[in-house]
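Let's take a walk through a protein together, one pair of side chains at a time. Keep the structure open as you read, and look for each residue as it comes up.

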Amino acid sequence: MTVPTIELRPGYHISRVIRGGWQLAGGHGPVDRAETIADMAAFYEAGIVTFDCADIYTGVEDLIGQFRIRHGAAALDRLRVQTKLVPDLADLATLTRDSVRRIIDTSLRRLHMDRLDLVQFHWWDYAVPRYLEALGWLDDLRREGKVLHIGATNFDTPRTLEILQAGIPLVSMQVQYSLIDARPERALVQAALAHDMHIFAFGSVAGGFLGDRWLGQPEPTGPLENRSLTKYKLIIDDFGGWALFQTLLRCLRTIADRHGCDVATVASAAMLSRPAVAAVIVGARNRSHLAQNVAIANLALTAQDHAQIAAVLARGQTPEGDTFTLERDRHGRHGQIMKYNLNKAS
(Lines give C-alpha, C1' and ligand atoms only; values in the text may rest on other atoms or scores of the structure.)
Protein backbone atom coordinates (compact mmCIF):
# COMPACT_ATOMS: atom_id res chain seq x y z
CA MET A 1 0.00 0.00 0.00
CA THR A 2 1.32 3.43 -0.90
CA VAL A 3 -0.04 6.96 -0.98
CA PRO A 4 -1.50 8.37 -4.22
CA THR A 5 -0.29 11.72 -5.49
CA ILE A 6 -2.09 14.64 -7.06
CA GLU A 7 -0.78 17.11 -9.64
CA LEU A 8 -1.36 20.66 -8.42
CA ARG A 9 0.28 22.29 -11.40
CA PRO A 10 1.94 20.75 -14.48
CA GLY A 11 4.85 18.69 -13.22
CA TYR A 12 4.25 19.47 -9.54
CA HIS A 13 2.95 16.44 -7.66
CA ILE A 14 2.38 16.03 -3.93
CA SER A 15 1.19 13.09 -1.85
CA ARG A 16 -2.45 13.31 -0.80
CA VAL A 17 -1.35 12.86 2.80
CA ILE A 18 1.15 15.47 3.98
CA ARG A 19 3.32 15.07 7.02
CA GLY A 20 2.87 18.13 9.23
CA GLY A 21 5.79 19.60 11.13
CA TRP A 22 4.10 21.59 13.89
CA GLN A 23 4.46 18.83 16.48
CA LEU A 24 8.21 18.79 15.90
CA ALA A 25 8.52 22.46 16.86
CA GLY A 26 10.24 23.48 20.07
CA GLY A 27 7.13 23.85 22.18
CA HIS A 28 6.05 20.21 21.95
CA GLY A 29 8.76 18.56 24.01
CA PRO A 30 12.28 17.31 23.29
CA VAL A 31 13.12 16.13 19.80
CA ASP A 32 15.71 13.42 19.15
CA ARG A 33 17.29 14.65 15.92
CA ALA A 34 18.63 11.30 14.70
CA GLU A 35 15.36 9.51 15.43
CA THR A 36 13.31 12.29 13.82
CA ILE A 37 15.39 12.16 10.63
CA ALA A 38 14.96 8.37 10.54
CA ASP A 39 11.21 8.89 10.92
CA MET A 40 11.24 11.27 7.95
CA ALA A 41 12.88 8.57 5.86
CA ALA A 42 10.19 6.10 6.94
CA PHE A 43 7.42 8.49 5.89
CA TYR A 44 9.10 9.15 2.54
CA GLU A 45 9.60 5.45 1.83
CA ALA A 46 5.96 4.78 2.69
CA GLY A 47 4.81 7.28 0.04
CA ILE A 48 4.14 10.33 2.23
CA VAL A 49 6.57 12.41 0.20
CA THR A 50 5.30 15.89 1.03
CA PHE A 51 6.34 17.62 4.26
CA ASP A 52 4.74 20.75 5.70
CA CYS A 53 6.75 23.18 7.80
CA ALA A 54 7.05 26.91 8.49
CA ASP A 55 9.53 29.62 9.33
CA ILE A 56 7.85 29.83 12.76
CA TYR A 57 8.08 26.09 13.53
CA THR A 58 11.23 26.31 15.61
CA GLY A 59 13.87 23.90 14.37
CA VAL A 60 11.69 22.06 11.86
CA GLU A 61 13.07 23.53 8.64
CA ASP A 62 16.55 22.69 9.89
CA LEU A 63 15.53 19.09 10.66
CA ILE A 64 14.16 18.64 7.14
CA GLY A 65 17.31 20.22 5.75
CA GLN A 66 19.44 17.71 7.64
CA PHE A 67 17.23 14.90 6.32
CA ARG A 68 17.85 16.13 2.78
CA ILE A 69 21.62 16.26 3.34
CA ARG A 70 21.91 12.83 4.93
CA HIS A 71 19.79 11.04 2.36
CA GLY A 72 20.84 13.06 -0.67
CA ALA A 73 18.68 15.22 -2.93
CA ALA A 74 18.97 12.74 -5.80
CA ALA A 75 17.58 9.94 -3.64
CA LEU A 76 14.70 12.20 -2.58
CA ASP A 77 13.55 13.18 -6.06
CA ARG A 78 9.86 12.95 -5.10
CA LEU A 79 10.20 14.99 -1.90
CA ARG A 80 8.21 18.21 -1.76
CA VAL A 81 8.80 20.60 1.12
CA GLN A 82 6.05 23.15 1.63
CA THR A 83 6.95 25.86 4.09
CA LYS A 84 5.26 29.06 5.26
CA LEU A 85 6.02 32.75 5.47
CA VAL A 86 4.44 34.12 8.65
CA PRO A 87 5.46 37.68 9.52
CA ASP A 88 4.95 38.47 13.20
CA LEU A 89 1.87 40.47 14.15
CA ALA A 90 4.11 43.14 15.65
CA ASP A 91 6.00 43.54 12.35
CA LEU A 92 3.12 43.83 9.87
CA ALA A 93 3.07 47.63 9.73
CA THR A 94 6.83 47.86 9.16
CA LEU A 95 7.37 44.81 6.95
CA THR A 96 9.67 45.51 4.01
CA ARG A 97 10.67 43.84 0.78
CA ASP A 98 14.07 43.12 2.33
CA SER A 99 12.55 41.45 5.40
CA VAL A 100 10.45 39.16 3.18
CA ARG A 101 13.57 38.28 1.18
CA ARG A 102 15.47 37.65 4.42
CA ILE A 103 12.82 35.22 5.70
CA ILE A 104 12.84 33.33 2.39
CA ASP A 105 16.64 33.22 2.35
CA THR A 106 16.62 31.87 5.90
CA SER A 107 14.20 29.10 4.91
CA LEU A 108 16.38 28.24 1.90
CA ARG A 109 19.45 28.03 4.10
CA ARG A 110 17.78 25.90 6.77
CA LEU A 111 16.28 23.51 4.22
CA HIS A 112 19.45 23.39 2.10
CA MET A 113 17.42 24.13 -1.02
CA ASP A 114 18.11 26.35 -4.01
CA ARG A 115 14.41 26.97 -4.54
CA LEU A 116 11.45 26.53 -2.20
CA ASP A 117 8.76 24.23 -3.60
CA LEU A 118 5.77 26.07 -2.15
CA VAL A 119 5.60 29.03 0.23
CA GLN A 120 2.31 29.48 2.06
CA PHE A 121 1.74 33.08 3.14
CA HIS A 122 -0.08 34.08 6.33
CA TRP A 123 -1.18 37.51 7.57
CA TRP A 124 -2.41 38.00 11.12
CA ASP A 125 -4.38 41.24 10.93
CA TYR A 126 -6.50 42.53 8.05
CA ALA A 127 -6.60 45.92 9.80
CA VAL A 128 -3.02 46.30 8.58
CA PRO A 129 -3.91 46.16 4.87
CA ARG A 130 -0.48 45.37 3.41
CA TYR A 131 -0.87 41.68 2.60
CA LEU A 132 -1.18 42.30 -1.14
CA GLU A 133 2.02 44.35 -1.08
CA ALA A 134 3.84 41.59 0.81
CA LEU A 135 2.50 38.92 -1.53
CA GLY A 136 3.72 41.00 -4.45
CA TRP A 137 7.23 40.88 -3.00
CA LEU A 138 6.90 37.12 -2.56
CA ASP A 139 5.73 36.81 -6.16
CA ASP A 140 8.82 38.75 -7.27
CA LEU A 141 10.92 36.11 -5.50
CA ARG A 142 8.98 33.47 -7.42
CA ARG A 143 9.90 35.18 -10.67
CA GLU A 144 13.53 35.28 -9.54
CA GLY A 145 13.48 31.53 -9.05
CA LYS A 146 13.77 31.41 -5.27
CA VAL A 147 10.20 30.08 -4.99
CA LEU A 148 8.43 27.67 -7.33
CA HIS A 149 4.82 28.11 -6.19
CA ILE A 150 2.86 30.40 -3.87
CA GLY A 151 0.06 29.32 -1.56
CA ALA A 152 -1.54 30.87 1.48
CA THR A 153 -2.93 29.80 4.80
CA ASN A 154 -5.88 30.90 6.94
CA PHE A 155 -7.23 33.63 4.65
CA ASP A 156 -10.99 34.03 4.49
CA THR A 157 -12.85 33.87 1.20
CA PRO A 158 -13.14 37.62 0.42
CA ARG A 159 -9.39 38.15 0.91
CA THR A 160 -8.58 34.98 -1.00
CA LEU A 161 -10.55 36.29 -3.96
CA GLU A 162 -8.90 39.70 -3.60
CA ILE A 163 -5.47 38.05 -3.76
CA LEU A 164 -6.40 35.99 -6.81
CA GLN A 165 -7.90 38.99 -8.58
CA ALA A 166 -4.68 40.92 -7.90
CA GLY A 167 -2.88 38.36 -10.05
CA ILE A 168 -1.10 36.41 -7.31
CA PRO A 169 -1.08 32.80 -8.59
CA LEU A 170 -2.26 30.98 -5.47
CA VAL A 171 -1.88 27.24 -5.91
CA SER A 172 -3.31 26.36 -2.51
CA MET A 173 -4.97 27.49 0.69
CA GLN A 174 -4.23 25.64 3.92
CA VAL A 175 -7.09 25.85 6.41
CA GLN A 176 -8.56 24.08 9.39
CA TYR A 177 -11.19 21.71 8.00
CA SER A 178 -12.75 18.70 9.70
CA LEU A 179 -16.05 16.95 10.23
CA ILE A 180 -16.72 19.29 13.16
CA ASP A 181 -15.35 22.43 11.51
CA ALA A 182 -16.90 22.93 8.09
CA ARG A 183 -16.30 26.67 7.84
CA PRO A 184 -14.52 26.31 4.46
CA GLU A 185 -17.78 24.99 2.99
CA ARG A 186 -19.49 28.35 3.49
CA ALA A 187 -17.64 29.94 0.58
CA LEU A 188 -13.97 29.00 0.32
CA VAL A 189 -14.52 25.62 -1.32
CA GLN A 190 -16.52 27.16 -4.15
CA ALA A 191 -13.91 29.87 -4.63
CA ALA A 192 -11.20 27.21 -4.78
CA LEU A 193 -13.09 25.19 -7.38
CA ALA A 194 -13.69 28.29 -9.48
CA HIS A 195 -10.04 29.36 -9.47
CA ASP A 196 -8.13 26.06 -9.69
CA MET A 197 -6.89 26.52 -6.13
CA HIS A 198 -6.41 23.47 -3.94
CA ILE A 199 -7.25 23.14 -0.26
CA PHE A 200 -4.91 21.54 2.25
CA ALA A 201 -6.92 20.50 5.30
CA PHE A 202 -5.28 20.58 8.70
CA GLY A 203 -6.99 19.58 11.94
CA SER A 204 -8.84 16.72 10.27
CA VAL A 205 -8.67 14.75 13.54
CA ALA A 206 -9.17 17.83 15.74
CA GLY A 207 -5.90 17.46 17.58
CA GLY A 208 -6.67 13.81 18.31
CA PHE A 209 -10.21 14.30 19.60
CA LEU A 210 -11.54 12.55 16.48
CA GLY A 211 -9.93 9.30 17.53
CA ASP A 212 -10.66 6.13 19.46
CA ARG A 213 -9.00 7.48 22.59
CA TRP A 214 -11.93 9.80 23.28
CA LEU A 215 -14.77 7.41 22.42
CA GLY A 216 -16.95 6.87 25.50
CA GLN A 217 -14.92 9.24 27.64
CA PRO A 218 -16.49 11.88 29.91
CA GLU A 219 -16.18 15.47 28.85
CA PRO A 220 -12.85 16.93 29.99
CA THR A 221 -13.39 19.69 32.50
CA GLY A 222 -9.92 20.67 33.69
CA PRO A 223 -6.96 22.09 31.80
CA LEU A 224 -6.12 20.01 28.73
CA GLU A 225 -2.69 18.62 27.88
CA ASN A 226 -1.76 21.27 25.35
CA ARG A 227 -2.92 24.36 23.49
CA SER A 228 -3.97 22.29 20.48
CA LEU A 229 -6.49 20.25 22.47
CA THR A 230 -7.76 23.43 24.10
CA LYS A 231 -8.34 24.93 20.66
CA TYR A 232 -10.21 21.93 19.29
CA LYS A 233 -12.33 21.51 22.43
CA LEU A 234 -13.71 24.98 21.66
CA ILE A 235 -14.63 23.71 18.18
CA ILE A 236 -16.42 20.72 19.72
CA ASP A 237 -18.40 23.12 21.90
CA ASP A 238 -19.33 25.20 18.85
CA PHE A 239 -20.25 22.07 16.87
CA GLY A 240 -22.87 21.05 19.41
CA GLY A 241 -21.24 19.86 22.59
CA TRP A 242 -19.81 16.67 24.02
CA ALA A 243 -22.91 14.48 23.75
CA LEU A 244 -23.30 15.11 20.02
CA PHE A 245 -19.55 14.69 19.57
CA GLN A 246 -19.78 11.26 21.18
CA THR A 247 -22.58 10.37 18.76
CA LEU A 248 -20.26 11.29 15.91
CA LEU A 249 -17.45 9.17 17.36
CA ARG A 250 -19.77 6.17 17.67
CA CYS A 251 -20.81 6.65 14.05
CA LEU A 252 -17.19 6.79 12.93
CA ARG A 253 -16.37 3.71 14.99
CA THR A 254 -19.14 1.77 13.22
CA ILE A 255 -17.72 2.79 9.86
CA ALA A 256 -14.17 1.99 10.98
CA ASP A 257 -15.32 -1.51 12.02
CA ARG A 258 -16.64 -2.13 8.51
CA HIS A 259 -13.30 -1.14 6.99
CA GLY A 260 -10.99 -2.62 9.60
CA CYS A 261 -9.36 0.67 10.57
CA ASP A 262 -9.48 3.29 13.30
CA VAL A 263 -11.69 6.34 13.86
CA ALA A 264 -8.97 8.86 12.98
CA THR A 265 -8.43 7.23 9.59
CA VAL A 266 -12.14 7.52 8.78
CA ALA A 267 -12.26 11.15 9.93
CA SER A 268 -9.33 12.13 7.71
CA ALA A 269 -10.46 10.06 4.73
CA ALA A 270 -13.84 11.78 4.89
CA MET A 271 -12.11 15.15 4.46
CA LEU A 272 -9.91 13.88 1.65
CA SER A 273 -13.08 13.06 -0.30
CA ARG A 274 -14.42 16.62 -0.01
CA PRO A 275 -14.44 18.84 -3.14
CA ALA A 276 -11.29 20.92 -3.70
CA VAL A 277 -9.33 19.10 -0.97
CA ALA A 278 -6.01 18.00 -2.47
CA ALA A 279 -4.47 16.69 0.73
CA VAL A 280 -4.87 16.31 4.47
CA ILE A 281 -2.05 17.22 6.81
CA VAL A 282 -1.31 14.73 9.57
CA GLY A 283 0.52 15.95 12.65
CA ALA A 284 3.09 13.33 13.56
CA ARG A 285 5.86 13.46 16.15
CA ASN A 286 7.10 10.04 15.04
CA ARG A 287 6.24 7.03 12.89
CA SER A 288 4.04 5.28 15.48
CA HIS A 289 0.90 5.94 13.42
CA LEU A 290 2.51 5.71 9.99
CA ALA A 291 0.43 2.73 8.84
CA GLN A 292 -2.77 4.58 9.73
CA ASN A 293 -1.53 7.73 8.00
CA VAL A 294 -0.87 5.77 4.81
CA ALA A 295 -4.30 4.14 5.06
CA ILE A 296 -6.07 7.53 4.91
CA ALA A 297 -5.56 7.97 1.19
CA ASN A 298 -6.45 4.36 0.43
CA LEU A 299 -9.72 4.18 2.36
CA ALA A 300 -12.67 4.31 -0.05
CA LEU A 301 -15.70 5.36 1.97
CA THR A 302 -19.02 4.12 0.61
CA ALA A 303 -22.23 6.00 -0.03
CA GLN A 304 -23.60 4.38 3.13
CA ASP A 305 -20.61 5.64 5.12
CA HIS A 306 -21.05 9.20 3.87
CA ALA A 307 -24.80 9.11 4.53
CA GLN A 308 -24.29 7.97 8.12
CA ILE A 309 -21.77 10.72 8.76
CA ALA A 310 -24.00 13.34 7.13
CA ALA A 311 -26.95 12.32 9.32
CA VAL A 312 -24.95 13.10 12.45
CA LEU A 313 -23.43 16.29 11.08
CA ALA A 314 -26.91 17.56 10.22
CA ARG A 315 -27.63 17.71 13.97
CA GLY A 316 -24.62 19.93 14.61
CA GLN A 317 -23.64 23.46 13.79
CA THR A 318 -20.79 24.94 11.79
CA PRO A 319 -18.61 27.25 13.90
CA GLU A 320 -19.22 30.92 13.26
CA GLY A 321 -17.78 32.82 10.33
CA ASP A 322 -15.42 32.13 7.46
CA THR A 323 -12.10 30.32 7.75
CA PHE A 324 -10.01 31.60 10.66
CA THR A 325 -12.52 34.36 11.51
CA LEU A 326 -12.88 33.22 15.12
CA GLU A 327 -9.12 32.93 15.56
CA ARG A 328 -8.52 36.48 14.29
CA ASP A 329 -10.53 37.95 17.18
CA ARG A 330 -7.69 38.31 19.67
CA HIS A 331 -10.14 39.00 22.50
CA GLY A 332 -12.48 36.09 21.73
CA ARG A 333 -12.50 32.53 23.09
CA HIS A 334 -10.54 31.19 20.13
CA GLY A 335 -8.13 34.07 19.58
CA GLN A 336 -7.02 34.34 23.20
CA ILE A 337 -5.09 31.07 22.99
CA MET A 338 -3.24 31.94 19.75
CA LYS A 339 0.40 33.02 19.63
CA TYR A 340 0.99 35.81 17.16
CA ASN A 341 4.71 36.61 17.29
CA LEU A 342 6.69 33.45 16.57
CA ASN A 343 9.00 34.27 13.70
CA LYS A 344 12.62 33.68 14.66
CA ALA A 345 14.05 34.82 11.31
CA SER A 346 14.48 38.45 12.28
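Is Glu 61 buried or exposed? Keep in mind that this is a predicted model. Glu 61 has a relative accessibility of 2%, so it counts as buried, since anything under 20% falls in that class. This residue has a charged partner: Arg 110 forms a salt bridge with Glu 61, and their closest N and O atoms are 2.9 Å apart. Arg 110 itself is at 21% relative accessibility, so it counts as partly exposed. Now look at where the two partners sit. Arg 110 belongs to helix 3 and Glu 61 to helix 2 (residues 60-71), so their salt bridge ties together parts that are 49 residues apart in sequence.

How many salt bridges are there? The count comes to 24. Lys 233 is a good one to visit next. Its side chain meets that of Glu 219 in a salt bridge of 2.8 Å, N to O. Lys 233 lies in helix 7 (residues 227-239), while Glu 219 lies in the loop between strand 9 (198-202) and helix 7, so this pair ties together parts that are 14 residues apart in sequence. Lys 233 also meets Asp 237 in a salt bridge, at 2.6 Å from N to O. Here both residues lie in helix 7, four residues apart, which is about one turn of the helix. The surroundings of these residues can be compared with the solvent in mind: Lys 233 counts as buried, at 10% relative accessibility, Glu 219 is partly exposed at 38%, and Asp 237 is partly exposed at 33%. Elsewhere, salt bridges that share partners join Arg 97, Asp 139, Asp 140, Arg 142 and Arg 143 into one network.

Let's turn from charges to rings. A pair of aromatic rings is described by the distance of the centres and the angle of the planes. The structure holds 13 such pairs. In one of them, the rings of Trp 124 and Tyr 340 have centres 4.9 Å apart and planes at 70°; an angle over 60 degrees counts as edge-to-face, so that is the name for this pair. Trp 124 is found in the loop between strand 6 (116-121) and helix 4 (131-144), and Tyr 340 in the segment after helix 12 (325-328), so the pair ties together parts that are 216 residues apart in sequence. Trp 124 is buried, at 8% relative accessibility, and Tyr 340 is buried too, at 11%.

Another edge-to-face pair is made by Tyr 131 and Phe 155, with 6.0 Å between the centres and 65° between the planes. Tyr 131 lies in helix 4 and Phe 155 in the loop between strand 7 (147-153) and helix 5 (157-165), so this pair ties together parts that are 24 residues apart in sequence. Both of these residues are buried. They also belong to one aromatic cluster with Phe 121, Trp 123 and Tyr 126.

Charges and rings meet as well. Arg 328 lies over the face of Phe 155, at 6.0 Å from the ring centre. In a similar way, the charged end of Arg 330 sits over the ring of Tyr 340, 5.9 Å from its centre.

Next, the backbone. Most residues other than glycine have a negative phi, and most peptide bonds are trans. Which value does phi take in Asn 154? Phi of Asn 154 is near 65°, a positive value in a residue other than glycine. Asn 154 lies in the loop between strand 7 and helix 5 and is buried, with a relative accessible area of 9%. His 112 has a positive phi too, near 55°. This histidine lies in the loop between helix 3 and strand 6, and is partly exposed at 38%.

Two last stops remain. Arg 19 lies in strand 3 (residues 17-20) and counts as buried, at 2% relative accessibility. Arg 19 and Val 282 are 263 residues apart in sequence, yet 5.3 Å apart in space, C-alpha to C-alpha. And how many disulfides are there? A search of the whole structure finds zero. Cys 251, for example, is in no disulfide; the nearest cysteine sulfur, that of Cys 261, is 12 Å away. Cys 251 is buried, at 9% relative accessibility.

Notes:
Residues numbered from 1 in each chain as written. Predicted model: local features only at pLDDT ≥ 70, side-chain atom pairs only at ≥ 80, totals over all residues. Heavy atoms only, no water. Phe/Tyr/Trp six-rings, centres within 6.5 Å; stacked < 30°, edge-to-face > 60°. Helix = DSSP H or I, 4+ residues; strand = E, 2+ residues; numbered from the N terminus. Buried < 20%, exposed > 50% of the residue type's maximum accessible area, 1.4 Å probe, protein only. Lys NZ or Arg CZ within 6 Å of the ring centre and 35° of its normal. Disulfide = S-S within 2.5 Å. Salt bridge = Lys/Arg side-chain N within 4 Å of Asp/Glu carboxyl O.
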